[in-house]
2 protein chains.
Amino acid sequence: MLERIHLEILSAIKEHGTLTKAADSLHLSQSALSHSIKKLESQVATQIWKKEGRNLRLTAAGERIQTLASRVLPQFSHTELLLSQIAKGEAGALRIGMECHPCYQWLLRVIHPYLQRWPNIDMDVKQEFQFGALGALLSYEIDVLITPDPLFKPQINYIPVFGYEHRLVVCAEHKLADQEFVLPEQLAQEVLFSYPVEPLRLDIFSQFLNPAKCSVKKHKNIETTEIMLQMVAANRGVCALPGWLVDEHAKSMPIKSLRFGEKGINKQIYVGIRNKEQQIEYLMDFISQAKKTK
Amino acid sequence: MLERIHLEILSAIKEHGTLTKAADSLHLSQSALSHSIKKLESQVATQIWKKEGRNLRLTAAGERIQTLASRVLPQFSHTELLLSQIAKGEAGALRIGMECHPCYQWLLRVIHPYLQRWPNIDMDVKQEFQFGALGALLSYEIDVLITPDPLFKPQINYIPVFGYEHRLVVCAEHKLADQEFVLPEQLAQEVLFSYPVEPLRLDIFSQFLNPAKCSVKKHKNIETTEIMLQMVAANRGVCALPGWLVDEHAKSMPIKSLRFGEKGINKQIYVGIRNKEQQIEYLMDFISQAKKTK
DNA sequence: TTGAATAATGGATGTTTTTCATCATCAAAA
DNA sequence: TTTTGATGATGAAAAACATCCATTATTCAA
């Protein structure tokens, strides 16, 4: 079988010209290389080089191997470099799972400085989970989970990174726009926009409407925050979003936000990681970056 | 050092799920794989997988290696396939050197069916040689040499592939156009176009003008056959080309050709190969294809 | 002709890989 | 809860392999 050492030999010959010098550069004897290639030759039933005068001349087969070497050897050493960085805790992959649609903008602000600091960390963000985001975390599909609704488990550690108030968003022209807070029954004739998730997982139902046995006139799904806000700004309905997110857009759009009930719905974003991995430096640094970012 | 076997192991685990099945698929014992990876782990000072319940779970390091494996292993097996084809004489590289400018069109007709029959043969055509085309053949820069002027050497074998007559090309309106042959002194007032090579290597000089101690009014270099013929067709001068090539273009251009002297200049195209390589099948097939092509 | 430089070869040695047998752990079945 | 079968890890012995050393063979240049 064609082995890495064969590639190293052919590559060293290309660089140094003679077998003896190639052997030196690999810290092996000339004999070792000769034997090694001889064996390969008998396996593949082809000559790899032939002696011509004092020097070697590669055959077509030898040149093929040399081509493979030049393509493949750098990849080996790159992976070895990465492994040594992983050994020192400097590299790895951070696969982020998100269960919080509106947090995407915030996540981008976390990621940006993080990627600068960890140039060797690969990053990936997933938002769809066949067996739930928690399942994905437990089955190593993702490494961190960003969620406002932590499901506590012994193997998972959740760290709160920031609190915010969940608020109702209405058009500035809306009849509720001047109230400080809204009551469940006041939404009975409203159209509600939400991200396409089960109503049970929407706080506006679980923490506000359902307890008061109220509902809305109509519930429509919209995928993206921007479109949702455009619809609200056009007074086509209302939606529920984090206060800080509304504040950002309120500067440029005719929208207002009000508290849910007298007390409001106060939420907390958590970052969940597997317990065993609390000592991984680049992972903990992601969390501390998340805590810093508002 | 990261070896091919490690990649094979990680790749087999990805495919088969368990270490035991991976071992079977590699025709090795489960123990062998376990030991092998254990050793690698101690070398790179990182875990590659960990046992989780009954199964294995790759660490970040393990996944890196798996990624490398999926990139690199197919390249190994592809090269091995090529080596086995080379062993059977089914593959290789054919680097063709050409010392015959107008033969390029002919060469294309040879190459076309050849490439169909030898899908694994790489092909390259070179026309510039620092130390002469023969030197290139002797120093393995090229594998075959196509030339009308063979320089015989013991290490080189020349095979004639086709004969043709070298003819003078003139515009149909030219005053010589109706003659059957031309005499050296009749060219004294003509402009001659030729490819940019030393005059010594042009047959019109070495075999026609020089022996008669004649010359032309002006000698101009042109790189390509097409432009050269356009110039001749415009009656701006004359040139010397193989008869068959002129015949091809005479259908669509106002040009005629005539013999050099009463006897004409008769040429032969040879294909030269290194003596030692006469048993290489794909090489000999190139030559037989060349003989067939007119 | 000689001497230096080169690659190939044979045999001895030491290392590495592989296997075999066994242990430890886990999950599912009884 | 206990048992069973499947899994991976481990240690020791055996087999295979790689490497080195010493030597030979060849080539090229002095």
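This report describes a predicted model of protein chains A and B with DNA strands C and D, beginning with chain A and then turning to the DNA surfaces.

Local features require pLDDT of at least 70 and side-chain atom pairs count only at pLDDT 80 or more, whereas totals for chains, interfaces and linings use all residues; side-chain values use heavy atoms, without hydrogens and water. Residues are numbered from 1 along each chain as its sequence is written, and chains are lettered from A in the order in which they are written.

**Chain A**

Chain A contains 10 helices and 12 strands, where helices (H or I, at least four residues) and strands (E, at least two) are DSSP runs numbered from the N terminus. Its radius of gyration, taken over C-alpha atoms, is 30 Å, against a value near 19 Å for a compact globule of 294 residues; the globule rule is 2.2 Å times the number of residues to the power 0.38. Along the principal axes, the C-alpha atoms of chain A fill a box of roughly 95 × 40 × 30 Å. Of the 294 residues in chain A, 48% are buried, that is, under 20% relative accessible area (1.4 Å probe, protein chains only).

**Surface near DNA strand C**

Around DNA strand C there are 20 residues, of which A:L19, A:T20, B:S29, B:S31 and B:K39 come nearest; a residue is near a strand if one of its heavy atoms lies within 4 Å of it. Sugar or phosphate holds 58% of the atoms of DNA strand C within 4 Å of the protein, and bases hold the rest. Helix 3 of chain A gives the most to this surface, with five residues.

**Surface near DNA strand D**

The 20 residues around DNA strand D have A:S29, A:S31, A:R54, B:L19 and B:T20 as the nearest. For DNA strand D, sugar and phosphate account for 57% of the atoms within 4 Å of the protein. Helix 3 of chain B is the element that gives the most here, with five residues.

**Polar contacts with DNA**

The table lists polar contacts, each a pair of N or O atoms within 3.5 Å; within protein, one must be able to donate a hydrogen and the other to accept it, and residues adjacent in sequence count only if both atoms are side-chain atoms.

| Side chain | DNA atom | Distance |
|---|---|---|
| A:Q30 | base nitrogen, strand C | 2.8 Å |
| A:K51 | sugar or linking oxygen, strand C | 3.3 Å |
| B:K39 | phosphate oxygen, strand C | 2.8 Å |
| A:H35 | base nitrogen, strand D | 3.3 Å |
| B:H35 | base oxygen, strand D | 3.0 Å |
| B:W49 | phosphate oxygen, strand D | 3.2 Å |

Conventions:
Buried < 20%, exposed > 50% of the residue type's maximum accessible area, 1.4 Å probe, protein only.
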